[in-house]
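Visitor: I would like a close look at one part of this protein, and then an account of how the rest is laid out around it. Please keep it plain.

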Amino acid sequence: MKTVAGALLSSIRLDRTSRVSVSVQLYQALRDLILSGGVGAGQRIPATRTLAKELAVSRTTVIDAVDRLVAEGMLVSRVGSGTFVSDTLQAPRAVPEPVAARRADLPEPRLSYTIRHAGKSLAPRSWLPHRTGAFVTALPALDAFPVAHWARISARHMRGDRDMVMGYGEPKGFSPLRRSIAMHLKALKGIECDPEQVFITAGAQQAFAHIGHLFLNPGDRVWMENPGASGARNAFLSEGAELIPVDVDGEGLVVEDALRKAPHFRLAFVTPSHQQPLGHVMSLARRFALLQAADEAKAVVVEDDYDGEFYFGQAPQPALHGIDASGRVIFVGTFSKSLFPSLRLGFMVVPERMIPGFDRLFASWASGPSTMVQAIVADFMDEGHFATHIRMMRRLYKARYEVLMTEAQGLVGALDVQPTSGGFHTMAHLAEGLDEAVVQEEAAERGLTLTPLSRYCLAPIRAAGFALGFGSATPEEISLGVDLLRELPSLRAKLV
Ligand SMILES: Cc1ncc(COP(=O)(O)O)c(C=O)c1O
């Protein structure tokens, strides 16, 4: 019987700077050698003392690795004769390549009819950014987040009532947080609601998914703003809904267009406080027209208020939910913009008559966000830090917006940057004859992020342009960003 060749042993590389212990590295290396057939079934491996000497590690380290392989049945110890690769490992198996490298060739299992049908229409959310700067959309000013208050409150909860914050928690969300949200909405949005109407979700996205589960059947028609948000679109498509792209103008969703296209609809999705991405506020007349249409069709309206806390001028219009007399509007909010997105914390306020249905759904899933996070946010709100942060961010976003609007005068002729009344992005229309993809690529080469309008479109529209985010960028980054835009070859040719 041969012993393992020294050459094979020398193929073992141990990284002493790694966070993975040397013993685990040795275990993994020996296991890979065995599974790949580098050391065949029945072969004896060198004595632990020899291995330790060859590899310049302690004998205990080697014994740990070998014992683990013996426990897993890959090695067999025979008293008096040594340690051998198990005879059961007859056929050498190739060490698989990482999954990422094989993904394209993996045979896909048969997916559900609904998901196959939704197929390519599901827009990737992978483009949601995690790096701040000009002109990133969807990220708040992470540089201005009051981390000290957050750290103090979270440390307090770590030391506090463990049963409360470490258990499974209440299915519909931590009740102190639901109470704080109800109070916040009354002050900010004129929404009078009972905390029982508030359901905590893992971001607005999970609220859309729950709403889809509860109300949509395959083939149901859903009015979607076009251009509009892709996250909600994906949630409804995943239920097999038929999405109806509805025009949007300066007053918001064009209800007449929607009625013409699909008078019988089950659900309407709107962003009335700040249309995503165009930035218009839905007029009061449109709000009432939408509510009337929904009432006639016995449909549900989803009001997505993703950045409604941040307005620059006068106080915003009352929420649709607040003027809904028929119990049809579900108000969806998120902490992704008012605090930060990795929290994965959102909520919805449902009409009273929908409480039992949502209660049943949430009780059967019970998989919302961490109670620890919910408890921290509840205290953050109750101690007044949330309201202070919102007030400060309103001022900060307004200042950053003003820098963008001033600088944007230098883009006239090429990019027409639109005024907006709040939030932390605004639309910039591209001059006739310019191509979004070309401009986006030229910008990317200079390290600038541009989000094209086409990315929001369910059906093609005539306009072209970009949603320019200014919230997460410092004034210097915004000025530099505009300078870089002015240098893009295709834009430079159009500047006046
Ligand atoms: C229209 C819209 N709604 C909601 C959200 C927030 O989603 P979430 O709470 O899942 O982060 C976003 C994020 O960019 C959005 O664009």
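Visitor: Of the 13 residues of α7, how many are buried?

Guide: The number is 0, so α7 lies largely in the open. This is a predicted model, and what follows should be read with that in mind. Helix α7 covers residues 147–159. From its first C-alpha to its last, α7 reaches 18 Å, close to the 18 Å expected at 1.5 Å a residue.

The loop between α6 (113–118) and α7 contains Phe135. The peptide bond that joins Ala134 and Phe135 is cis, with omega about -5°. Gln276 and Pro277 are also linked by a cis peptide bond, where omega is near 10°. Pro277 sits in the loop between β8 (267–270) and α13 (284–297). As a rule, most peptide bonds are trans, and most residues other than glycine have a negative phi.

Two residues go against the rule on phi. Ala56 has a phi near 55°, a positive value in a residue other than glycine. Ala56 belongs to the loop between α3 (48–55) and α4 (59–71), and with 9 other C-beta atoms within 10 Å it is exposed. Lys298, which is not a glycine either, has a positive phi of about 55°. Lys298 is in the loop between α13 and β9, and its 11 C-beta neighbours inside 10 Å make it count as exposed.

After Lys298 comes a part that can be set against α7. Strand β9 takes residues 300–304 and runs parallel to β10, with 4 bridges joining the two. Val301 has Val329 of β10 as its bridge partner. Strand β10 is also paired with β11 (residues 346–349), here in the antiparallel sense and again over 4 bridges. In that pairing Phe331 stands opposite Val349 of β11.

β10 covers residues 329–334, and 6 of its 6 residues are buried. In a regular strand, side chains alternate between the two faces of the sheet. Here Val329, Phe331 and Gly333 point one way, while Ile330, Val332 and Thr334 point the other way; all are buried. So where α7 has 0 buried residues of 13, β10 is mostly covered.

Thr334 leads on to the ligand. There are 14 residues around the ligand, and Gly203, Gln205, Ala229, Thr334 and Ser336 come nearest. Helix α10 (residues 203–215) gives the most to this shell, with 3 residues. By type, the shell divides into 5 nonpolar, 8 polar and 1 charged.

The domain assignment gives three parts: domain 1 (6–85), domain 2 (115–124 + 145–386) and domain 3 (388–492). The C-alpha centres of domain 2 and domain 3 are 26 Å apart. Their contact takes 24 residues from domain 2 and 24 residues from domain 3. On the side of domain 2 that touches domain 3, at least two residues each come from β5 (221–226), α11 (230–237), β6 (242–249) and α16 (385–407). The residues of that side divide into 12 nonpolar, 9 polar and 3 charged.

Further along the chain there is an open sheet of 4 strands in the order β12-β13-β15-β14, with antiparallel pairing. β12 (415–417) and β14 (451–452) stand at the edges with a single partner strand each, so one side of each is left without a neighbour in the sheet. Strands β13 (residues 425–430) and β15 (residues 465–469) are antiparallel and share 5 bridges, and Met427 stands opposite Ala467 of β15.

The loop between α16 and β12 holds Val412. With 13 C-beta neighbours inside 10 Å, Val412 counts as partly exposed. Val412 and Arg16 are 396 residues apart along the chain, and their C-alpha atoms are separated by 58 Å.

As for the whole protein, there are 19 helices and 15 strands. The C-alpha atoms fill a box of roughly 90 × 60 × 50 Å along the principal axes. Of the 496 residues, 40% count as buried. Among contacts between residues at least 6 apart in sequence, 72% join residues at least 24 apart.

Conventions: Residues are numbered from 1 along each chain as its sequence is written. This is a predicted model: local features need pLDDT of at least 70, side-chain atom pairs count only at pLDDT 80 or more; totals for chains, interfaces and linings use all residues. Domain bounds come from an automatic or database domain assignment. Two residues are in contact if their C-beta atoms, placed from the backbone, lie within 7 Å. Ala, Val, Leu, Ile, Met, Phe, Trp, Tyr, Cys and Pro count as nonpolar, Asp, Glu, Lys and Arg as charged, and the others, Gly among them, as polar. A residue is buried if 20 or more other C-beta atoms lie within 10 Å of its own, exposed if 12 or fewer, and partly exposed in between; C-beta atoms are placed from the backbone. Two strands pair if DSSP finds at least two bridges between them. A residue is near a molecule or strand if its C-beta atom, placed from the backbone, lies within 6 Å of it. The expected span of a helix is 1.5 Å times one less than its number of residues.
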